[in-house]
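Let's take a walk through this protein together, starting with the overall picture and then stopping at a few places worth a look. Keep the viewer open as you read.

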Amino acid sequence: MGSAKFIDDPKAYEGPSTAQLSQPILNPVANNPDTKLPVTVQDAQDTTVTISDVSRILPIDLYGTSSRIVFDLGLGENVIGRDASSDFDEIKDLPLVTQNGHELNAEAILQLAPTVIITDSSLGPWDVVLQMREAGIPVLVLDSHRSLENTEDMIMQISSALGVPDEGERLAKRTQKEVDEMVAKISAIAPRGDERLRMLFLYARGQSGVYYLFGKESGADSLIQSLGGIDVASEIGWKGMSPMTDEAMVEAEPDLVIMMTKGLESTGGAEAISTSVPALAHTPAGAKKRIVDMADSQVLSFGPNSAGILEALSVAIYAPETAVATK
């Protein structure tokens with residue numbers, strides 16, 4: 001944020017911008033740490049899971065958070081495959097075990113012979129997960145809810161299950177410290193009171209006509225609050241992820257809309273989105289084309305690089321001329 005050129009009046013700014021990470025995602029706290037195994041834990045579904053071998057780890061979820069945590073714990077060399085959202089340099093050449101976006105491929109998983117699978121309920125079909133358990137593979141199922149508030153818990157759950165709790169504690173403390181410092185920096189440059197930007201997170205798959213508003217307890221609410229904004233979906237009583245209605249969009253009156261990059265592209269881009277979402281044109285954000293997008297695999301991942309994601313979004317919001325504009 002140091003070299004960013006912050007604008008005087010964020011509400012008056014017109015035009016889109018793209019949030020881009022300014023530093024590498026990975027920064028391991030250790031290098032191939034010693035593991036304390038076997039470990040027996042209760043996962044998010046109250047299933048007892050015993051893990052005795054972490055030589056072949058398969059961490060998979062909707063946003064690629066699990067894989068980033070495993071790499072930042074220093075166990076990246078043990079990872080044998082990836083989901084579609086895990087696209088950072090260190091993992092991008094590993095075999096893909098999802099198809100058609102985020103659909104698990106049982107054959108691809110079994111071919112990799114994982115000794116432990118880390119996942120959550122965000123990927124399916126669920127029968128594939130059950131099939132892996134029936135094959136004798138330990139499967140640790142995490143809570144699929146993502147937010148800045150539960151990032152530490154997720155890091156500790158994964159690190160404890162993999163037999164590296166000390167590294168997990170170091171990573172969790174470092175992550176929280178970085179987030180706290182970044183939130184403080186954002187607070188220092190963001191408008192206050194009624195001048196705060198009214199922000200809305202819109203999920204879109206325009207080619208399928210799918211539009212969701214992310215509200216309270218979706219993770220987007222904590223993200224927006226940390227960015228110094230007002231989460232207007234929560235304000236109007238929107239909870240979780242629910243299909244967008246024209247009435248809700250107009251009632252929310254957002255000054256700025258945050259989207260995933262591929263979602264924005266699916267609507268035709270910032271210049272055409274008001275055609276795909278006509279109600280948006282009747283809001284301040286739509287009138288000013290004030291759309292901020294960020295890579296699908298990053299914006300709601302809430303992992304060890306949460307501070308970097310907050311920084312990238314804050315630059316796109318408060319210093320948009322520094323960021324790269326989306327067409």
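The chain contains 12 helices and 14 strands. Please bear in mind that this is a predicted model. How does the radius of gyration of the chain fit with a compact globule? For 327 residues, such a globule would have a value near 20 Å, and the chain has 20 Å, so the two agree. Along the principal axes, the C-alpha atoms fill a box of roughly 55 × 40 × 35 Å. Of the 327 residues, 55% count as buried.

Now let's turn to the charged side chains. Side chains of opposite charge can pair when their charged atoms come close. Across the whole structure, a search finds 12 salt bridges. One of them joins R133 and D43, with N to O at 3.0 Å. Which parts of the chain does this pair tie together? R133 lies in helix α3 (residues 126-134), whereas D43 sits in the loop between β2 (39-42) and β3 (48-51), so the contact ties together parts that are 90 residues apart in sequence. The two partners can also be described by their accessibility: R133 counts as partly exposed because its relative accessibility is 25%, while D43 counts as buried because its value is 7%.

A second salt bridge brings R205 and D296 together, and here the closest N and O atoms are 2.9 Å apart. This pair links distant parts of the chain, with R205 in strand β9 and D296 in the loop between β14 (291-294) and α12 (306-318), 91 residues apart. Are these partners buried or exposed? Both R205 and D296 are buried. Elsewhere, D61, D120 and R146 are joined into one network by salt bridges that share partners.

For a pair within one element, look at helix α5. There the side chains of E178 and R174 meet in a salt bridge of 3.9 Å, N to O. E178 and R174 are four residues apart in this helix, about one turn. With a relative accessibility of 29%, E178 counts as partly exposed.

Other charges gather on the surface. D8, D9, D194 and E195 form a negative surface patch. Within that patch, E195 belongs to the loop between α5 (165-189) and β9 (198-205), and its relative accessible area of 48% makes E195 partly exposed.

The backbone has some details to check as well. Where are cis peptide bonds found? One joins L37 and P38, with omega about 0 degrees, and P38 is placed in the loop between β1 (17-19) and β2. Another joins G124 and P125, again with omega about 0 degrees, and P125 lies in the loop between β7 (116-120) and α3.

Positive phi angles are also present. D46 has a phi of about 65 degrees although it is not a glycine; D46 is in the loop between β2 and β3 and counts as exposed at 63% relative accessibility. A113, likewise not a glycine, has a positive phi of about 50 degrees. A113 sits in the loop between α2 (106-112) and β7, and at 43% relative accessibility A113 counts as partly exposed.

Our last stop is S306 in helix α12. S306 is buried, with a relative accessible area of 3%. Its C-alpha atom is separated by 12 Å from that of G219, and these two residues are 87 residues apart along the chain.

Definitions and conventions:
Residues numbered from 1 in each chain as written. Predicted model: local features only at pLDDT ≥ 70, side-chain atom pairs only at ≥ 80, totals over all residues. Heavy atoms only, no water. Patch = residues over 30% accessible without salt bridge, like charges linked within 9 Å, V, L, I, M, F, W, Y side chains within 5 Å. Areas by Shrake-Rupley, 256 points an atom, 1.4 Å probe, with all protein chains shown as cover. Salt bridge = Lys/Arg side-chain N within 4 Å of Asp/Glu carboxyl O. Lys, Arg positive; Asp, Glu negative; His and termini not counted. Charge placed at Lys NZ, Arg CZ, Asp CG, Glu CD. Helix = DSSP H or I, 4+ residues; strand = E, 2+ residues; numbered from the N terminus. Buried < 20%, exposed > 50% of the residue type's maximum accessible area, 1.4 Å probe, protein only. Rg over C-alpha atoms; globule rule 2.2 N^0.38 Å.
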